[in-house]
Amino acid sequence: MLAEIKNWYNGYSWDGETFAYNPFSILNFFQKSAFYNFWVSTGTPTFLVNLLKERNFYRIKTTVVRQAAFDSFD
């Protein structure tokens, strides 16, 4: 189970040996008993949306996406 948690949530490390995990993701994992991109789905990247609008990169108002698109960092 610990290996799977590490695989999903990766942790942050400054020295490559000691890892700290995002408590928000870990607590949600234990509460929901499921692996999920909890941290990514809570962000509101307004700066990114504004940049996309400013540069006409996407047609924000007419683009349709599935819920899964909001749950992935890539």
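Colour the chain by pLDDT. This is a predicted model, and among the elements of the chain α2 has the highest mean pLDDT, 91, while α3 has the lowest, 78. Across the chain the average pLDDT is 80. A score of at least 70 is reached by 85% of the residues.

Now switch to a cartoon view. You will find three helices and zero strands. Followed along the sequence, the pattern reads α-α-α. Show the surface next. The accessible surface of the chain comes to about 6,700 Å². Carbon and sulfur atoms hold 59% of that surface. Of the 74 residues in the chain, 15% are buried.

**Stop 1: helix α2**

Select residues 23-32, which form α2. Start at the N-terminal end. Here N22 acts as a cap. Show its side chain: an oxygen there lies 2.7 Å from the backbone nitrogen of F24.

Which residues of α2 are buried? Select S25, I26, N28 and F29. These residues cover an arc of only 165 degrees around the axis, so they sit on the same side of α2. A general rule helps here: an α-helix has 3.6 residues a turn, so residues three or four places apart point the same way.

Turn the helix around. The face away from the buried side carries the exposed residues P23, L27, F30 and Q31. Turn back again and display α1, which is part of what covers the buried residues of α2.

**Stop 2: S25**

Zoom in on S25, in α2. Is S25 buried or exposed? Its relative accessibility is 5%, under the 20% cut-off, so S25 counts as buried. What does S25 touch beyond its neighbours within four places in sequence? Select Y9, F38 and W39 to see those contacts.

**Stop 3: W39**

Move on to W39, in the loop between α2 and α3. Leave aside neighbours within four places in sequence, and W39 is in contact with N22, F24 and S25. Draw a distance from the C-alpha of W39 to the C-alpha of F24. The two residues are 15 apart in sequence, and their C-alpha atoms are 6.9 Å apart in space.

**Stop 4: the nonpolar core**

Which residues make up the largest nonpolar core? Select I5, Y9, I26, F29 and F38, five residues in all. At least two residues of this core come from α1, and at least two from α2.

Centre on I5. Not counting residues up to four places away in sequence, I5 touches N10, I26, F29, F30 and F35. Two of those names, I26 and F29, also appear in the core.

**Stop 5: two positive phi values**

Most residues other than glycine have a negative phi. Now look at two residues with a positive one.

Select N10. It lies in the loop between α1 (2-9) and α2. Its phi is near 55 degrees.

Then jump to S33, just after α2. S33 belongs to the loop between α2 and α3 (46-54). Phi of S33 is also near 55 degrees, again positive in a residue other than glycine. Is S33 buried or exposed? At 64% relative accessibility, over the 50% cut-off, S33 counts as exposed.

**Last stop: the chain as a whole**

Zoom out and display contacts between residues at least 6 apart in sequence. Of these contacts, 40% join residues at least 24 apart.

Definitions and conventions: Residues numbered from 1 in each chain as written. Heavy atoms only, no water. Helix = DSSP H or I, 4+ residues; strand = E, 2+ residues; numbered from the N terminus. Buried < 20%, exposed > 50% of the residue type's maximum accessible area, 1.4 Å probe, protein only. Contact = heavy atoms within 4.5 Å. Arc of directions from axis to C-beta. Polar contact = N/O pair within 3.5 Å; in protein donor to acceptor, adjacent residues only side chain to side chain. Core = buried A, V, L, I, M, F, W, Y, C linked by side-chain atoms within 4.5 Å. pLDDT = per-residue confidence, 0-100. Areas by Shrake-Rupley, 256 points an atom, 1.4 Å probe, with all protein chains shown as cover.
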